[in-house]
Amino acid sequence: MRAGLISTILAPVLLVSCATVTTAQNTTIPDNKPVVAEQPASKPAKQEVEKPGPEVNRSFAYYQYMLGLLTERQGHYKEAVKRYLAAAEEDEGLAQAYERAAGLQLRMGMIEEARKTAERALVFEPNYVPCLAILGGIYSSTGQFTKSAEYFDRITKIEPERKEAWIYLAVSLLQQKDFGSAIKALDGFTAKFPDDALGLYYKGRAYLQMEKPDEAEKLYKDVISRFPDFSKGYDGLALTYRARKRLDLSADTYKRYLEKHPDDEEIRNKLAETYLLQESYDKAIDQYQNMVELTPDDLSLHYRLGFSYLKQAEGAGDLESYKMALSEFQLVRAKDPENRRVSFYIAAIFERMRLYDEAVETWIQLLEDAEDDKESRDIALKVAELYERAGKTEKSLEYAIKARDLDPNSPDLHYFVGLLQNKLNQNRESVESFKTAISLNPGDEKYYFYMGSVYEKLGEIDKCVESMKKAIELNPSHAAALNYLGYIYAEKNINLKEAEGFLDKALELEPDNGYFIDSLGWIYFRQGRLNEALDKLQSAVRNIPPDPTVLEHLGDVYMALGNPASAIDAYERSLKAEPEEKREINRQPVKKKLEDAEKKAKGKASGN
């Protein structure tokens with residue numbers, strides 16, 4: 001059974017003695033909103049009452065009970081509870097005093113105390129329905145549905161005219177998946193109250209829970225025919241269609257009801273939710289806008305409208321919809337600054353709009369009020385990612401370290417810190433971060449790969465080779481590691497046959513990777529296979545954006561082939577090209593090669 005099936009009837013507070021029951025089609029059941037104690041305007045005067053002798057106990061009990069009523073009206077709930085319990089102690093048959101005390105304890109969130117108070121009343125008056133109802137409600141709201149059903153069943157036998165007890169009984173049975181008993185209770189309700197359709201509504205929900213949509217559909221259509229103004233009948237039929245993935249029919253059902261009852265906000269909201277499920281965001285927005293016009297101060301409607309705009313924006317990449325969503329969420333946050341979910345949405349929208357400074361500011365505010373270390377870690381990581389996107393790597397590292405320190409056993413956080421340290425040329429620190437990641441998870445090849453790349457920057461080639469070999473051992477199809485190791489060998493002019501094998505494997509995995517093609521061409525150059533090298537390097541230049549190293553390699557091949565004019569072109573393009581990731585490179589060697597090529601070309605032109 002879905003939780004939503006009982007959301008309208010389960011309540012932590014069930015004061016049947018105060019419940020309102022409407023006859024005919026629209027039976028109402030106790031409000032499921034917790035009751036919150038009002039703050040007293042002022043402290044009550046201290047009551048100094050001397051306890052009289054046993055012959056006037058009943059009068060004293062009544063006196064205490066009346067004082068309880070007085071202090072309750074003033075909003076002094078704790079004092080009122082004391083008075084009611086004092087009254088009950090003097091006259092243990094005064095069940096009303098236990099009932100009032102238990103009800104106030106519930107309002108103050110004292111669930112266990114309320115349970116004990118209500119049970120105490122039943123010791124002296126076992127069939128006192130208001131306290132039976134309180135206990136049924138407590139057990140229902142705390143998920144103890146077997147006990148809840150027992151109490152509501154007793155109420156139906158003691159006072160069968162109490163409609164809400166039958167419904168609570170049925171729902172408690174449904175929560176236990178005791179479908180037969182639940183339907184029996186609902187049939188009992190319908191037999192006793194034939195003009196009230198609420199029992200039929202829940203019977204249909206039982207059929208849905210039992211995965212009998214045909215029976216549910218038939219029942220709800222009959223309900224709508226007999227009770228054409230019963231909103232829950234339409235809701236039940238719409239939910240049945242939704243369970244069958246017929247969202248079009250679900251929406252049509254809600255629309256049929258709204259044609260006759262256009263001001264029913266609950267059904268209009270459900271129609272809007274159906275449109276959201278259909279991804280018909282424009283139609284959902286229309287519904288929420290209509291409701292907002294009627295009740296502009298309802299923050300929940302602005303929240304739903306903002307959510308609808310957000311979904312529309314995500315689906316279409318529509319900047320204007322992001323702006324509308326942001327406006328709605330900002331309105332909600334202005335009136336309800338403690339609403340963290342709205343702040344999360346606002347931060348996400350800023351991010352999608354690439355307003356990274358605003359997104360970071362919002363996330364940092366959320367970080368200051370994070371509920372626990374896990375949330376703090378996740379927000380700090382999000383801030384680090386946004387700073388990195390904005391090109392503020394130092395700030396990114398600051399927050400990545402915060403995230404890592406909140407979860408030091410996460411290898412990926414150490415890895416992320418290591419990547420940022422590498423980018424900032426904090427190479428020794430970067431190596432230590434990768435080593436820690438490896439110690440926490442030695443089976444992840446990416447840690448070895450990036451540690452190897454840092455070792456190369458440090459000039460520790462043996463350690464670089466060792467790390468790359470470990471990455472390939474863990475993942476023989478790690479194309480980048482195969483390329484890296486092959487290129488290192490080519491640069492050192494060693495193990496060229498083995499290097500060629502690494503690049504052949506890498507290109508099997510990624511045949512159009514221009515950097516891999518460059519590495520193989522460079523290996524051919526080292527082997528003296530100049531024409532094959534030229535072919536590969538020309539192909540590499542065609543496959544990637546202008547890269548200073550690849551163009552330098554091409555110039556070297558042209559020079560080796562005795563073509564200084566083409567070498568000059570390649571070297572000049574190399575000097576203009578920006579390296580990948582904007583890394584620092586030494587351009588002096590290429591300038592020297594360009595000068596040599598120009599001299600060669602002049603010599604060739606003069607016949608020398």
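**Helix packing and nonpolar cores**

The helices H8 and H9 cross with a left-handed sense. In this predicted model, the axes of H8 (residues 179-192) and H9 (residues 198-209) approach within 8 Å, and the crossing angle is roughly 160 degrees. Because angles over 145 degrees count as roughly antiparallel, H8 is described as roughly antiparallel to H9. On the H8 side, the contact is formed by Phe179, Ile183, Leu186, Asp187, Phe189 and Thr190. Their partners in H9 are Leu198, Gly199, Leu200, Tyr202, Lys203, Ala206, Tyr207 and Gln209. Sorted by type, the residues of this contact comprise 9 nonpolar, 3 polar and 2 charged.

Attention now turns to the interior. The largest nonpolar core contains 120 residues, and the most contacts inside this core belong to Tyr84, Phe329, Ile349, Trp363 and Val383. Helix H7 (residues 163-175) supplies the largest share of the core, with 9 residues. Another core, of 56 residues, lies apart from this one and includes Tyr447, Tyr484, Ala490 and Ala597. Around Tyr84, once residues up to four places away in sequence are set aside, the contacts are Tyr65, Gly68, Leu69, Glu72, Ala97, Arg100, Ala101 and Leu104.

A further local view is offered by Leu299, which is found in helix H15 (residues 299-316). Leu299 counts as partly exposed because its relative accessibility is 22%, and buried would require under 20%. Beyond its neighbours within four places in sequence, Leu299 is in contact with Leu331, Val332, Lys335 and Asp336. The C-alpha atoms of Leu299 and Asp336 are 8.4 Å apart, with the two residues 37 residues apart in sequence.

Technical notes
Residues numbered from 1 in each chain as written. Predicted model: local features only at pLDDT ≥ 70, side-chain atom pairs only at ≥ 80, totals over all residues. Heavy atoms only, no water. Axes fitted to C-alpha atoms, helices over the stretch in contact; angles between N-to-C directions. Helix = DSSP H or I, 4+ residues; strand = E, 2+ residues; numbered from the N terminus. Parallel < 35°, antiparallel > 145°, perpendicular 65-115°, else oblique. Left-handed = near helix turned anticlockwise from the far one by under 90°. Contact = heavy atoms within 4.5 Å. Nonpolar A, V, L, I, M, F, W, Y, C, P; charged D, E, K, R; others polar. Core = buried A, V, L, I, M, F, W, Y, C linked by side-chain atoms within 4.5 Å. Buried < 20%, exposed > 50% of the residue type's maximum accessible area, 1.4 Å probe, protein only.
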